[in-house]
Amino acid sequence: MLDQYAVFGNPISHSRSPFIHDCFARQQDQQMQYRAIEVALDGFNQAVEDFLQAEGKGLNVTVPFKEQAWSLAEHRTARAELAGAVNTLWRDQQGRICGDNTDGVGLVNDLMHNNAVKLNGARVLILGAGGAVRGVLQPLLEAGCREVMIVNRTAEKAKVLAAHFQEMLSVDQQINAGGYADLENSQAYDVIINGTSASLSGSLPPINASVVSTNTLCYDMMYGAKPTTFCQWAVDHSAARAIDGLGMLVEQAAEAFLCWRGVRPETAPVIALLRQSLAHQ
Ligand code: ATR
């Protein structure tokens, strides 16, 4: 029987992960099978145990189970520990369930390697303060961002998040937080990352236009067949570039594949294939 992998989520039918991991497996000549499995909202822990007990070698975890996966993992990588969420699970040789979070490194790799964005020394504005944002802060700070400003509809959540990451700053870095009103009269940022779920409903966070200039790169962690609302906003405000989160999705998958199989797939051809398949829907 082929080594079994899966992504657990609810809902899950929209998931592109089987497509991505099938591409990786073919490219790297790995004998494995990867499925998307919808797990009952109250059945996550049992489903993981069952899967890893049987033929399952590894799992990806998506909404709404990433925090539960974090709690379930008996051993967590340092980046998962800080992220407070786990998107990759496997069992190690001692039989422990291990958890990693590859979302943040996926974002940073997509920015730096696929899109040649210079994060070292950059001023970065992050919109949102939920799980998605928490998962990417450490890798962004590690990439050397000079200033990170987190804004959220509920400003308090952004402040709690900023406080949480305060202690990992180097002397020349700062992290600040507030609400959207705090962006009035703000200078333009080098990079703006939309980590809110607003694009899902086609809405836009109430961002002040002064934060964007013709030098600003805008990145939406969401993606779709058409430009997301945030990417369209960036284009309308003459941002230098507007990039959606499709590359991040493939990069986080590549990092999970590396965890499980010990080889890192080439992401560029898979990003191109996925973009093509989206366009044909
Ligand atoms: P995720 O795990 O995807 O981050 P989440 O933890 O529910 O999901 O967080 C969603 C984020 O999107 C939050 O920062 C939320 O703001 P609040 O904390 O104030 O709720 C933000 N968000 C969702 N819809 C939004 C909208 N229409 N405008 C601005 N922010 C929005």
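Helices (H or I, at least four residues) and strands (E, at least two) are DSSP runs, numbered from the N terminus. The model treated here is predicted.

**Exercise 1. Loop residues with positive phi**

Task: Find where Asn-185 lies, and decide whether Asn-185 is buried or exposed.

Solution.
- Step 1. Place the residue. Asn-185 sits in the loop between β9 (174-178) and β10.
- Step 2. Read the backbone. Phi of Asn-185 is positive, about 65 degrees, although the residue is not a glycine.
- Step 3. Check accessibility. The relative accessible area of Asn-185 is 76%. The cut-off for exposed is over 50%. Asn-185 is therefore exposed.

Task: Repeat the steps for Asp-29.

Solution.
- Step 1. Asp-29 belongs to the loop between α1 and β2.
- Step 2. Its phi is positive too, about 55 degrees, and Asp-29 is not a glycine.
- Step 3. Relative accessibility is 61%, so Asp-29 counts as exposed.

**Exercise 2. Cis peptide bonds**

Task: State which residues the cis bond before Pro-11 joins, and where Pro-11 is placed.

Solution.
- Step 1. The bond runs from Asn-10 to Pro-11, and omega is near 5 degrees. That makes the peptide bond cis.
- Step 2. Pro-11 is in the loop between β1 and α1 (17-27).

Task: Do the same for Pro-64.

Solution.
- Step 1. Val-63 and Pro-64 are joined by a cis peptide bond with omega about 5 degrees.
- Step 2. Pro-64 is in the loop between β3 and α3.

**Exercise 3. A proline inside a helix**

Task: Describe the surroundings of Pro-18 and decide whether Pro-18 is buried or exposed.

Solution.
- Step 1. Pro-18 is part of helix α1.
- Step 2. Its relative accessible area is 16%. Buried means under 20%. Pro-18 is therefore buried.
- Step 3. List the contacts, leaving out residues up to four places away in sequence. Pro-18 touches Val-7, Tyr-34, Arg-35 and Ala-36.
- Step 4. Take a C-alpha distance. Pro-18 and Ala-6 are twelve residues apart along the chain, and their C-alpha atoms are separated by 7.7 Å.

**Exercise 4. The buried side of α2**

Task: Which residues of helix α2 (residues 44-53) are buried, and what covers them?

Solution.
- Step 1. Phe-44, Val-48, Phe-51 and Leu-52 are the buried residues.
- Step 2. Their arc around the axis is only 90 degrees, so they lie on the same side of α2.
- Step 3. Turn to the other side. Gln-46 and Gln-53 are exposed there.
- Step 4. Identify the cover. It includes the strands β1 (3-9), β2 (32-38), β3 (56-61), β5 (88-91) and β6 (97-100), along with helix α3 (66-72).

**Exercise 5. The buried side of α8**

Task: Which residues of helix α8 (residues 229-236) are buried, and which elements do they pack against?

Solution.
- Step 1. The buried residues include Phe-230, Cys-231, Trp-233 and Ala-234.
- Step 2. They span an arc of only 155 degrees around the axis, which puts them on the same side of α8.
- Step 3. The face turned away from the buried side carries Val-235 and Asp-236, both exposed.
- Step 4. The buried residues pack against β7 (123-127), β10 (191-194), β11 (217-220) and β12 (241-243).
- Step 5. Look past the helix end. Ser-238 follows α8 and has a positive phi, near 60 degrees.

**Exercise 6. Cysteines without a bond**

Task: How many disulfides does the structure hold, and why are Cys-145 and Cys-218 not bonded?

Solution.
- Step 1. A search of the whole structure gives zero disulfides.
- Step 2. Fix the criterion. The two sulfur atoms must be within 2.5 Å.
- Step 3. Test Cys-145. The closest cysteine sulfur, in Cys-218, is 15 Å away, so it is too far for a bond.
- Step 4. Test Cys-218. The closest cysteine sulfur, in Cys-231, is 7.8 Å away, again too far for a bond.
- Step 5. Add the accessibility. Cys-145 is buried at 0% relative accessible area. Cys-218 is buried at 0% as well.

**Exercise 7. The ligand site**

Task: Which residues come nearest to the ligand, and which backbone atoms lie by its oxygen atoms?

Solution.
- Step 1. There are 14 residues around the ligand. Ala-132, Asn-152, Arg-153, Thr-154 and Lys-157 come nearest.
- Step 2. Go through the backbone N or O atoms. For Ala-132, one lies 2.9 Å from a ligand oxygen atom. For Gly-131, the distance to a ligand oxygen atom is 3.1 Å. For Ser-197, it is 3.1 Å.
- Step 3. Assess the cover. On its own the ligand has 640 Å² of accessible area, and the protein covers 71% of it.

Conventions
Residues are numbered from 1 along each chain as its sequence is written. This is a predicted model: local features need pLDDT of at least 70, side-chain atom pairs count only at pLDDT 80 or more; totals for chains, interfaces and linings use all residues. Side-chain values use heavy atoms; hydrogens and water are left out. Buried means under 20% relative accessible area, exposed over 50%, partly exposed in between (1.4 Å probe, protein chains only). The arc is that of the directions from the helix axis to the C-beta atoms. Contact means heavy atoms within 4.5 Å. A residue is near a molecule or strand if one of its heavy atoms lies within 4 Å of it. A polar contact is a pair of N or O atoms within 3.5 Å; within protein, one must be able to donate a hydrogen and the other to accept it, and residues adjacent in sequence count only if both atoms are side-chain atoms. Accessible areas come from the Shrake-Rupley method with a 1.4 Å probe; for residues, only the protein chains shown count as cover.
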